[in-house]
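These are my notes from an afternoon of looking things up in one structure. I kept them in the order in which I went through the topics.

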Amino acid sequence: SCDFAAFTFGQKYMRSPLSPEMATQEVPLNETLAHLKTESETLKLKLEEERAKLHDVELHQVAEKVEGLGQFVMKTRRTLKGHGNKVLCMDWCKDKRRIVSSSQDGKVIVWDAFTTNKEHAVTMPCTWVMACAYAPSGCAVACGGLDNKCSVYPLSLDKNENLAAKKKSVAMHTNYLSACSFTNSDMQILTSSGDGTCALWDVESGQLLQSFHGHAADVLCLDLAPSETGNTFVSGGCDKKANVWDMRSGQCIQSFETHESDINSVRYYPSGDAFASGSDDATCRLYDLRADREVAIYSKESIIFGVSSVDFSLSGRLLFGGYNDYTINVWDVLKGTRVSILFGHENRVSTLRVSPDGTAFCTGSWDHTLRVWILMC
Amino acid sequence: MTINTMAKGGWQREQTICFRKMEKMIVAMQDPDMGMKLRNQRLLITVIPHAMTGHDIIIWLIHKYSVCEEEALHLGGMLVKYGYIYPLKEPRSLVLQPDESPYRFQTPYFWTSTRWPASELDYAIYLAKKNIRKQGELMEYEKERYSLLHKKINHTWDFVVMQAREQLRASKQRRKADRIVLECQEQAYWLINRPPPGVHNMLDVGLERQNNFNLRATLNSDFYKNEIEVHRRALGRNRVKSSICLEGFLKYSEQYQNHDPIMQGCLPSNPWISDDTAHWTMNTEMVPVPTRLRVERWSFSFMELLNDAMGRQEFMLYLEKEFSAENLYFWQACEEIRHGESSKIVEKVEEVYKNFLAPGAARWVNIDSKTMDKTLEGIKQPHRFVLDDAQMHIYFLMKKDSYPRYLKSDLYKNMLAKAIVPQETKKSVFPFMRRQRHSSPSPAQAVAQATEEEGRHKGAG
C-alpha cells in the first residue's frame with residue numbers, strides 16, 4: 001500500500017546522511033550509531049577474552065616465595081600550615097626537599113618542606129586550583145583549575161616581586177584543569193581536563209602540540225612513563241577508564257576498564273612496565289602493560305571510602321594510597337596485603353607524592369595542611 | 001562562576017557508593033545472628049531500648065573486619081559522622097567514644113541517602129518545632145538560619161508553622177521513650193545535613209564532576225569509531241604471559257630494595273629524621289666521589305646510567321676512549337630537540353645534521369642506511385620527532401654494545417671501588433634535642449647565578 005511504501009522509503013532514506021528537512025523530523029535511535037556501539041562492545045568483550053587467555057597466574061601467587069614485610073611504623077615529620085582552605089594538589093621539586101602546593105582558595109605556595117619555610121606564594125585569579133607541578137629545573141611552577149587554564153610562573157628570587165606579573169598562560173581547555181605535569185624539560189606541559197581531553201603544550205609559545213581524545217567523561221589524572229623511549233603517558237577519568245597514550249601520534253595505545261567508579265589517580269610503577277590507579281570504588285589496582293591487563297587489586301572490606309591519590313615507594317614494593325576517609329593505607333604491591341594504616345589528617349587526603357629520592361612522602365589534605373611522612377626504624 | 005558542591009537533582013556518584021557500603025555495614029551490625037547485641041540503656045529516668053555502647057561497636061568491628069582497635073574506632077567514627085549511629089549521651093557531638101557511652105542505630109527513614117536532598121522546607125519545620133516546643137531552645141546559628149528561612153520562604157510560612165504544630169501534637173501522643181528517640185534521630189539527621197558552623201560538612205564532596213552533561217555530546221558515531229579503532233589495535237597487540245611479566249616485579253623490587261629509603265633507611269641518615277642533610281649533600285648531581293649505592297645503580301639498566309648526570313659523564317669518558325663518543329653526543333642532541341622549545345627545532349636539527357649526519361661530519365654517527373635515508377629525507381621538513389628513529393637506533397646500539405662493556409671496564413670497576421659507603425650516623429643520645437635545619441639555595445637561585453656569571457664572562461670577552 002501507499003503508506004507502507006512511504007514508510008520503507010523513509011527508512012531507507014534515513015541511512016543516508018540526513019538532509020536538512022529530515023533533521024527536523026522525529027528520528028528513532030540512529031541505526032548507524034547503535035550499530036557502532038554494539039560493534040565496539042563486541043570488540044571489547046573479545047579483547048577481554050584474549051587478555052584472559054594469557055593470565056596463567058596471580059601476582060600474589062608468584063610472590064609467595066618473597067619474604068613478607070614486617071610492621072611499618074610511619075610518622076609525620078613535618079606539618080606545613082599556611083593554606084587557608086582545602087589543599088588539592090602538591091608536587092616535589094627535583095631537589096628532594098622543596099614542594100609546591102595549591103588549594104581551593106586559589107593560593108599556590110612553594111615551600112622548603114625541610115625547614116617548613118614558605119618561599120613563594122601566588123594568588124591565582126580563580127578558586128579550586130586542582131593542579132600544580134614543579135618544573136624539572138626548579139625555576140618555575142605550573143598550576144591551574146577552574147580557570148580552565150594551565151599557567152607557568154617563573155620563581156622569582158626577588159622576594160618583593162609579584163610572581164603573578166611574569167605569569168605565562170600556556171594551556172587552554174574548555175573545562176576545569178584537573179592535572180598537569182612538565183615532561184622531561186621546562187619546555188613542555190601535559191594537561192588533563194574536565195572537558196574529557198588531555199593535551200601537550202609548548203610552554204614558550206603556548207602552542208598546542210598534540211591533543212588526546214578518547215575518554216568519554218572528565219579526565220582526572222595523568223602520569224608520564226619513565227620509559228627508555230619516553231613517549232607515553234597514562235590518564236584516568238570519570239568514565240572508569242585508564243588510557244595509555246602515544247605522545248607523538250595522539251593515539252590511545254592501551255585502555256583498561258576494570259574500576260567500578262571514577263579513577264582519581266594514576267601512577268607508573270618505577271620500571272615503567274606497569275601503573276597503579278586509585279578510584280572512588282575504594283580500590284587501588286595494578287595494570288601490567290606487557291600482559292595488557294589488570295594484575296592486582298588492593299582492597300579490604302573495611303576500606304569503603306574512595307582513593308584520591310597513589311604513589312609507589314622507590315623500589316615499587318610499597319604502594320601508598322591517600323583516602324577520602326582521612327587515612328593513608330600502605331600496600332605490599334607483590335603480596336596484595338595492607339601493611340599499614342596511617343592516621344593524622346583531619347579531613348580527606350587529596351594528594352600524595354613520594355619524594356624524588358624516596359626518602360619520604362608528602363600528603364595534602366582538605367584539613368588545610370600538608371604532612372611529610374617517614375618510616376621510623 | 002558558580003560551583004555546585006551539592007548535586008542539583010542528581011545524587012553524587014561518589015556519595016552513593018560510600019553510603020551503600022556503610023548501609024551494608026549497618027545492616028550486618030543489626031543481623032539477628034552475627035550482629036551486635038543490643039540492650040536497654042538508661043538515660044536519666046527513661047529507659048531506651050535497643051542501644052549499644054561505643055565499646056561494643058568497636059569490638060564488633062574488630063572481629064568482623066580483622067582490624068586493630070585504632071582502625072575500628074576510626075571506621076565506627078565514620079558511621080557516627082555520617083549519621084548511621086547516633087550518640088544518646090551527648091547528642092550534638094557526633095563522635096564515637098570507645099567506652100560505655102550509649103549509641104543507637106539511626107532509623108532508615110532518617111538516613112541521609114533516603115531523604116536526599118534535605119529540603120529547606122523540612123529544615124524550617126524542624127526549627128519551627130524546636131522554637132515552639134521550648135522558647136530559647138534554638139542555638140544562635142539556628143536562630144540565624146531560622147530568620148533567613150523565614151525571609152526566603154515567607155510565602156509558605158503559615159504551612160511551616162502549621163506542620164510544626166501538627167507534628168508536635170502527634171508526638172505528644174507517643175510514649176516518652178519513643179518521643180525522646182525520635183527527637184534524637186531527627187536532631188542527628190539535621191546535624192549532618194545542616195551542620196553547625198565550624199563543623200565538617202560531611203556531605204561536601206568538593207567540585208561536582210559534570211561528566212554527565214558532556215556525555216550526550218561526545219558519545220556520537222565518531223567517538224565509537226575511535227573506540228573500535230582502539231579495540232582493534234589492542235586486539236592485534238602482542239601480549240606476554242602473566243607468569244613471565246609478574247616475575248619482573250619480584251626481580252625489580254629485590255634489585256632496588258637496598259636503594260629504597262622508606263624500606264631500608266639510608267646512609268648516613270634520613271635527613272627527614274635526623275635533620276642532617278648529609279645524605280643529600282653526598283648525592284648531589286655532581287660530587288667529587290659518588291656513593292656506592294649510586295654507582296651500583298648504574299649497572300641496573302642503561303636508563304639508570306643515562307639519567308644520572310655523573311653516570312652519563314663517566315660513560316662519555318669511556319666512549320671517548322673507545323672513539324664512539326659521537327653516539328652519546330648525538331643522543332643528547334636529539335633529546336634536546338625532543339624536549340626543547342618549538343621555536344628552536346629547525347635550527348637545532350640543522351646543527352645535528354651538520355655535526356652528526358652530513359657526509360664528513362665531525363662526529364658522524366654510524367646509522368644503518370635505511371634509517372639514515374629516512375632521516376635525511378625527514379629533516380627536509382624538520383619537526384620535533386624527526387630524529388626519533390635515528391636516536392632510537394643509536395640508543396639501542398649503545399645499550400647493547402658499549403654499555404655492557406662499560407660495566408666490565410676498569411673505569412667502572414675503579415669508580416665502584418673508590419665509591420663512598422657513608423657511615424651510619426649514630427642515633428642521638430638526646431633524641432629530643434633537635435638539630436638546626438639549614439635552608440638550602442633555591443634551584444632558581446642557582447640557575448640565576450649561572451646565567452649571571454655567563455653574562456659577565458660574555459661581557460668581559
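**Notebook: patch, sheets, odd backbone**

Entry 1. I began in chain B and found that B:M162 lies in helix α6, residues 157–172. I should say at once that this is a predicted model. I then looked for what B:M162 shares with other side chains on the surface. B:L121, B:F159 and B:M162 make a nonpolar surface patch of about 270 Å².

Entry 2. I turned to chain A and checked the record. An unreviewed UniProt entry places the feature "repeat: WD" at six spans of chain A: 80–121, 170–211, 212–255, 256–297, 307–341 and 342–377. I looked into two of these spans. Residues 212–255 of chain A are 0% helix and 52% strand. The end C-alpha atoms of that span are 13 Å apart. For residues 307–341 of chain A I noted 0% helix and 60% strand. The end C-alpha atoms there also lie 13 Å apart.

Entry 3. I asked myself in what order the strands of the open sheet with β22 of chain A run. The order is β22-β23-β24-β25, four strands with antiparallel pairing. The edge strands are β22 (307–312) and β25 (338–342) of chain A, and each of them pairs on one side only. On average, neighbouring strands of this sheet are turned by 20° against each other, direction ignored. I reminded myself that strands of a sheet pair through backbone hydrogen bonds, either parallel or antiparallel.

I followed one pairing inside this sheet. Strand β23 (residues 318–323) and strand β24 (residues 328–332) of chain A are joined in the antiparallel sense over five bridges. As one example, I wrote down that A:G321 has A:N329 in β24(A) as its bridge partner.

Entry 4. I looked up another open sheet of chain A, with four strands in the order β6-β7-β8-β9 and antiparallel pairing. Its edge strands are β6 (131–134) and β9 (168–172) of chain A, each pairing on one side only. Neighbouring strands of this sheet are turned by 20° against each other on average, direction ignored.

How many bridges hold β7 and β8 of chain A together? Strand β7 (residues 140–144) and strand β8 (residues 149–154) pair over four bridges, in the antiparallel sense. Here A:C143 has A:S151 in β8(A) as its bridge partner.

Entry 5. I went on to unusual backbone. Most residues other than glycine have a negative phi, and most peptide bonds are trans. I listed exceptions to both.

For the peptide bonds I stayed in chain B. The bond from B:W116 to B:P117 is cis, with omega near -15°. B:P117 sits in the loop between β4 (102–105) and α4 (120–133) of chain B. B:L267 and B:P268 are also joined by a cis peptide bond, with omega about -5°. I found B:P268 in the loop between α11 (261–264) and α12 (271–274) of chain B.

For phi I noted A:D292, where the value is near 60° and so positive in a residue other than glycine. A:D292 is in the loop between β20 (284–288) and β21 (293–298) of chain A. Is A:D292 buried or exposed? A:D292 has a relative accessible area of 0%, so I entered this residue as buried.

B:H50 has a positive phi near 55° and is not glycine. B:H50 lies in strand β2 (residues 46–53) of chain B. I entered B:H50 as exposed, because the relative accessible area is 51% and the cut-off for exposed is over 50%.

Key
Residues are numbered from 1 along each chain as its sequence is written. Chains are lettered from A and ligands numbered from 1 in the order in which they are written. This is a predicted model: local features need pLDDT of at least 70, side-chain atom pairs count only at pLDDT 80 or more; totals for chains, interfaces and linings use all residues. Side-chain values use heavy atoms; hydrogens and water are left out. Patches are made of residues with over 30% relative accessible area and no salt bridge: like charges are joined within 9 Å, nonpolar side chains (Val, Leu, Ile, Met, Phe, Trp, Tyr) within 5 Å. Accessible areas come from the Shrake-Rupley method with a 1.4 Å probe; for residues, only the protein chains shown count as cover. A salt bridge is a side-chain nitrogen of Lys or Arg within 4 Å of a carboxyl oxygen of Asp or Glu. Helices (H or I, at least four residues) and strands (E, at least two) are DSSP runs, numbered from the N terminus. Two strands pair if DSSP finds at least two bridges between them. Axes are lines fitted to C-alpha atoms, for helices over the stretch in contact, and angles run from 0 to 180 degrees between N-to-C directions. UniProt positions are given in the numbering used here, feature names are shortened, and annotations may be inferred rather than shown by experiment. Buried means under 20% relative accessible area, exposed over 50%, partly exposed in between (1.4 Å probe, protein chains only).
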